[in-house]
Amino acid sequence: MPSPYDFAVIGSGPGGYVAAIKAAQLGLRVAVIEKMATFGGTCLNIGCIPSKALLYTSEMFDQAGHKFEGFGIKVGTPKLDLKAMMAHKAAVVEANTSGVAFLFKKNKIETFIGTGSIAAPGKIKVTAADGASQIVEARTIVIATGSESMPLKGVEIDEARVVTSTGALALAQVPARLIVVGAGVIGLELGSVWRRLGSEVTVIEFLDRILPGMDGEIARQTQRLLTRQGIQFRLSSKVASVDKKGKALKVAVEPAGGGTAETLEADVVLVAIGRRAFTDGLGLEAVGIARDERGRVAVDNHFRTNVPGIHAIGDAIRGPMLAHKAEDEGVAVAEIAAGQAGHVNYGVIPAVVYTAPEIASVGQTEEELKQAGIEYRAGKFPFSANGRARAMGEKDGFVKILADAATDRVLGGHIIGPFAGELIQEISVLMEFSGAAEDLARISHAHPSLSESVREAAFAAWSKPIHI
Ligand SMILES: Cc1cc2nc3c(=O)[nH]c(=O)nc-3n(C[C@H](O)[C@H](O)[C@H](O)COP(=O)(O)OP(=O)(O)OC[C@H]3O[C@@H](n4cnc5c(N)ncnc54)[C@H](O)[C@@H]3O)c2cc1C
């Protein structure tokens, strides 16, 4: 029997593989159990990485068709080679997943391919695809089994015409009409990909706003900009059924509060109404591992379940379903297993939507601060007043910094604009060090750079912006 290990992780997504590498670096003997043929989980195989490959290439296609001419570059009407675009995506995924396999070898982590279920504290049963099973023993077990798409009642997924994000990342043709159910991050990102490649895209959202949880002003601006790009929105509406009988899908859409249904036609329907923790087949009940009110594995502040020696991290537990949050928890749980003090600061976890322009957010929103009764000052600066953004033809969007009215400490940062996903990082660093808007405003920023807009927003929150 190839055991006992100090540390065994079930699942090799960003939570699991990072936990395994960190634990090995700290001198623990580590095993990883993964049921898929490749490592990297949802994120590397069917999530973050393939979606960002398609978002980038479809954006280039869109720019070649609509933006280049204004820069004096005449390329004619660009032609889409979807097969080649998908091949690029597949190559990027392969490079990333095999990179994880390389890191496992480098760190002497042993891997078991099969479905892991917890037979007893300290014992994982691994069942391979051919039914053969073995027991892996470990002092610490970490559940990092991730999440799956949330089903929509009355709508059957076939991953060809009625798809989750997995099918939407692999369509063989550009659908003439795409209906996206859900105006969250995944719906808007994949809706953007197919709109740029030629689909007529309609987004149907139950709530009266898009991007629930994000700063309201940023969400309203996003909706305006995406509408300008041609995406249609139907808010306060719900999809009641999808009839697949004919050549076109017939989608019944009702007002959220109930009322007369209207039928829309589509070639593909993407169901993107959220994700839920995936714990099927783990045998949680048999060993008595408790779940929380939303079916996730319940953990304390040290990622401990109620059963000694069994921990859980990532999408399988509470908190934002983000790859870097899972990674941070992976590092922390490994440190804890090695006797160190692992910790995650949930107050400073950035979130990015990779639409064009990008949207990025860290810390509290205006709505949250108002709700908490915290007095704050909001400093804003538009990219239309930034020299570098103008040079790039990127005039839409703004940076908003929210600072405590009494102490000037930065409590939140929200950006819609070019490279927002990169720019947000300096606000995260500032917040991690409890910095003030004045601190950020007094730091020299290279000119001309997009980051000057972040500095100007900090100036605006602390005193006054210079360039507007
Ligand atoms: C389309 C899409 C785009 C996304 N884009 C982003 C993004 O840009 N940025 C971002 O931060 N997040 C993004 N996410 C979310 C991100 O993918 C998840 O937050 C992240 O993957 C969670 O990591 P994890 O390690 O908890 O779980 P996962 O990545 O889901 O990995 C879980 C792993 O466990 C394995 N597993 C499950 N059960 C068992 C078992 N019993 N035995 C063995 N193995 C098992 C699974 O096969 C899987 O490999 C995106 C998600 C989707 C779907």
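## Side-chain contacts in a predicted model

Gly-16 is buried, with a relative accessible area of 0%. The residue belongs to helix α1, which covers residues 14–25. Its C-alpha atom is 7.8 Å from that of Glu-327, although 311 residues separate the two along the chain. The model is predicted. It holds 28 salt bridges, 3 aromatic pairs and 1 disulfide.

**Salt bridges between separate elements**

- Side chains of opposite charge can pair when their charged atoms come close.
- Lys-244 and Asp-158 form one such salt bridge, with 2.9 Å between the closest N and O atoms. Lys-244 sits in the loop between β12 (237–243) and β13 (249–255), and Asp-158 in the loop between β7 (147–149) and β8 (162–163), so the bridge ties together parts 86 residues apart in sequence.
- Both partners are partly exposed: Lys-244 has a relative accessible area of 22%, and Asp-158 has a relative accessibility of 32%. Lys-244 does not count as buried, because that class requires a value under 20%.
- Arg-318 and Glu-329 also meet in a salt bridge, at 3.5 Å from N to O. Arg-318 is in the loop between β17 (310–312) and α9 (323–337), while Glu-329 is in helix α9, so this pair ties together parts 11 residues apart in sequence.
- What is the exposure class of each partner, Arg-318 and Glu-329? Arg-318 is partly exposed, with a relative accessible area of 21%. Glu-329 is buried, at 0% relative accessibility.

**A buried pair and a network**

- Asp-292 and Arg-296 join their side chains in a salt bridge, 2.8 Å from N to O. Asp-292 and Arg-296 are buried.
- Which residues are linked with Glu-366 in a network of salt bridges? They are Asp-215, Glu-217, Lys-380 and Lys-400.
- Lys-380 has an aromatic contact as well: it lies over the face of Phe-398, 4.6 Å from the ring centre.

**Charge over a ring**

- The charged end of Arg-29 is positioned over the ring of Tyr-5. The distance to the ring centre is 4.3 Å.

**Aromatic pairs**

- A pair of aromatic rings is described by the distance of the centres and the angle of the planes.
- The model holds 3 aromatic pairs. One of them joins Phe-39 and Phe-104, with ring centres 5.0 Å apart and planes at 70°, so the geometry is edge-to-face. Phe-39 is in the loop between β2 (30–34) and α2 (41–46), and Phe-104 is in helix α4, so the contact ties together parts 65 residues apart in sequence.
- Phe-39 is buried, with a relative accessible area of 11%. Phe-104 is buried too, at 1% relative accessibility.
- Phe-459 and Trp-462 have ring centres 5.8 Å apart and planes at 35°, so this pair is tilted. An angle under 30 degrees would count as stacked, and one over 60 as edge-to-face.
- Where do Phe-459 and Trp-462 lie, and what separates them? The two residues are in helix α14 (residues 451–462), 3 residues apart, which means a separation of about one helical turn.
- Phe-459 counts as buried, at 15% relative accessibility, whereas Trp-462 is partly exposed, with a relative accessible area of 25%.

**Disulfide**

- A disulfide is a covalent bond between the sulfur atoms of two cysteines.
- Cys-43 and Cys-48 form a disulfide, with their sulfur atoms 2.3 Å apart. The torsion about the S-S bond is about -130°, so the disulfide of Cys-43 and Cys-48 is left-handed.
- The two cysteines fall into separate classes: Cys-43 is buried, at 10% relative accessibility, but Cys-48 is partly exposed, with a relative accessible area of 27%.

**Nonpolar surface patch**

- Phe-71, Ile-73 and Val-75 make up a nonpolar patch on the surface. Together they have about 260 Å² of accessible area.
- Ile-73 is found in the loop between α3 (48–66) and α4 (82–106). Is Ile-73 buried or partly exposed? It counts as partly exposed, because its relative accessibility is 38%.

Conventions. Residues numbered from 1 in each chain as written. Predicted model: local features only at pLDDT ≥ 70, side-chain atom pairs only at ≥ 80, totals over all residues. Heavy atoms only, no water. Salt bridge = Lys/Arg side-chain N within 4 Å of Asp/Glu carboxyl O. Helix = DSSP H or I, 4+ residues; strand = E, 2+ residues; numbered from the N terminus. Buried < 20%, exposed > 50% of the residue type's maximum accessible area, 1.4 Å probe, protein only. Patch = residues over 30% accessible without salt bridge, like charges linked within 9 Å, V, L, I, M, F, W, Y side chains within 5 Å. Areas by Shrake-Rupley, 256 points an atom, 1.4 Å probe, with all protein chains shown as cover. Phe/Tyr/Trp six-rings, centres within 6.5 Å; stacked < 30°, edge-to-face > 60°. Lys NZ or Arg CZ within 6 Å of the ring centre and 35° of its normal. Disulfide = S-S within 2.5 Å.
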